[in-house]
Amino acid sequence: MDDDDLAARLKAFEGLRATVADRGKDPVNLPMIRHWCEALGDTNPAYTGPDAIAPPTMLQAWTMGGLSGHTSRTRAYDDLLALLDEAGCTSVVATDYEQEYPRPLRPGDEITFDTVIESVSARKTTRLGTGYFVTTRTDIHADGHPRGRRTRGHPPLRILEYAPRKQAPARDPERPRPAEHRPRAVVNRDNTGFWEGVARHELLIQCCTGCRALRFPWLPGCHACGSPDWDTVRALGDGTVFSYVVLHHPPFPAFDPPYAVGLIEPAEGVRIVSNVTGVPYDEVRIGMPVRLEFRRYDEELVLPVFRAAGEAA
Ligand SMILES: [Zn+2]
């Protein structure tokens, strides 16, 4: 199949339905709204009380399929994805997302939604690779309110289906990748100094020269006073586990679940997401004292981790 052929076949999917008459798994409800607001720290009073509305940006939460998924995907959408797969576009990344909120959603609203394949772009080459932008539009309706209010949203979601620049060898999905494929952090002009510090086995925390507020992760400006000027403080290495989660699922390549991910509070302040080493995952506890160390994962990758204090390396 040549490129023109493929382009014409892809174009033919425009306007076809990707899902039909799907339903939200739960009606709009206050417990989900409360969890959302607490997780994001959103204290807007419009989202509590007897006249509460749902935060507009929760729109996608009402249509997500969860682990059990949705069954309403159409043959057309499956065929489009299969055709892109066949053309070597085996990777996908969501690029942008627009939402419109004509009316607020309220507890009790029952959600239904339909998704249309709005457009498939011409072949594009991006920094990730060469592929096609696929834009879908989902119309969301809510008819559950006793007064029969009708709510609609149109979030077009654009994804890029692409052939990765470097074709990775086929991998058995059941077999974890070797440790040398542990994902790399993105190093950019805002955080280069942090990674240079790590290379010298120093954990550097940014410190605003305007108001002396500490910040981590590294960012261009101060969250407290807005100043763009900063220097650094070197963490001396003592810290405590502020919080943690144990990851069981999903199993990411190069990681071997279950494992504990700690939110560590260095003595200097701020909080850092890192591994807790030196104890089994189920013995990590909030308040546990830890000590900074640098662990080498492969020839290129060294990361700061925190060892349970008193546990020998
Ligand atoms: Zn400041």
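Which residues have the most contacts inside the largest nonpolar core? In this predicted model, they are Leu 203, Val 241, Val 276 and Phe 306, within a core of 23 residues. Several elements build this core together: at least two residues each come from helix α4 (192–199) and from the strands β8 (204–208), β12 (259–266), β13 (272–277), β14 (289–296) and β15 (302–308). A second core, separate from the largest one, has 15 residues, among them Leu 6, Ala 18, Cys 89 and Tyr 132. As a helpful background point, nonpolar side chains in soluble globular proteins tend to be buried together.

Phe 306 offers a good view into the largest core. Beyond its neighbours within four places in sequence, Phe 306 is in contact with Leu 203, Ile 264, Ile 272, Val 276, Val 290 and Leu 292, and also with Ser 274, Asn 275, Thr 277 and Arg 291.

Glu 202 is found in the loop between α4 and β8. Is this residue, Glu 202, buried or exposed? Glu 202 counts as buried because its relative accessibility is 18%, and the cut-off for buried is under 20%. With neighbours within four places in sequence set aside, the contacts of Glu 202 are Gly 197, Arg 234 and Phe 294.

How far can the picture be trusted from place to place? The mean pLDDT of the protein is 85, and 89% of the residues reach at least 70. Confidence is highest in β8, at 97, and lowest in strand β6 (residues 151–153), where the mean is 50. Over residues 167–180, pLDDT stays under 50, and the model has nine contacts beyond four places in sequence for this stretch. Where pLDDT is low, the predicted coordinates should not be read in detail.

Note on methods
Residues numbered from 1 in each chain as written. Predicted model: local features only at pLDDT ≥ 70, side-chain atom pairs only at ≥ 80, totals over all residues. Heavy atoms only, no water. Core = buried A, V, L, I, M, F, W, Y, C linked by side-chain atoms within 4.5 Å. Buried < 20%, exposed > 50% of the residue type's maximum accessible area, 1.4 Å probe, protein only. Helix = DSSP H or I, 4+ residues; strand = E, 2+ residues; numbered from the N terminus. Contact = heavy atoms within 4.5 Å. pLDDT = per-residue confidence, 0-100.
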